[in-house]
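Thank you all for coming. Please take a moment with the sequence and the model before I begin.

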Amino acid sequence: MNPEIFKDLLRFTFLLFLVAGISYGFHYGFLTYFQNDRPMDLVNFAYKFNVGITLLFTSTIILASEHLKEQLGFIFLISGMVKLGIFFYLIKTSEFDLDKSVFLHFFVPYALCIVVEIVFIAKILNRTNFSNDK
């Protein structure tokens, strides 16, 4: 394995957990301060799911970046749709009560994970040299 890929994987994992941890801390603090009667089940599920699935999909993309560099953008787009589909399927088949007031409970961890993912995929694509391919 290319040492640069291993470094990218470590940096991605560290940044993802750092950003998600800080965001979860603020999210938890905000909800317990302003809405202490609301359960945290959906927030906990949203953070665990988004961090886990982003770690799985993006790590796979980083590891496959040498061999599938022409397809990375398409793989990223497809993985985004798959993540949303799996999340909504799990939400619909669970006991979570969804309404407009809990939209941010899902959207905040999703958006943060997507931003971290985009930063790393763009970094890989910018570093990739397409002109020397045969």
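**Charges, helices and cores**

The protein carries 11 positive and 11 negative side chains, and the centres of these two sets are 6 Å apart; here Lys and Arg count as positive and Asp and Glu as negative, while His and the chain ends are not counted, and each charge is placed at NZ of Lys, CZ of Arg, CG of Asp or CD of Glu. This is a predicted model, in which local features need pLDDT of at least 70 and side-chain atom pairs count only at pLDDT 80 or more, whereas totals for chains, interfaces and linings use all residues. Residues are numbered from 1 along each chain as its sequence is written, and side-chain values use heavy atoms, with hydrogens and water left out.

The protein has four helices and zero strands, where helices are DSSP runs of H or I with at least four residues, strands are E runs of at least two, and numbering starts from the N terminus.

Turning to the interior, 35% of the 134 residues count as buried, meaning under 20% relative accessible area with a 1.4 Å probe and protein chains only. The largest nonpolar core (buried Ala, Val, Leu, Ile, Met, Phe, Trp, Tyr and Cys residues joined through side-chain atoms within 4.5 Å) has 15 residues, of which Phe12, Leu16, Val51, Ile62 and Val116 touch the most other members. Each of α1, α2, α3 and α4 supplies at least two residues of this core.

Why does glutamate 117 count as buried? Glutamate 117, which lies in helix α4, counts as buried because its relative accessibility is 0%.

Technical notes. Buried means under 20% relative accessible area, exposed over 50%, partly exposed in between (1.4 Å probe, protein chains only).
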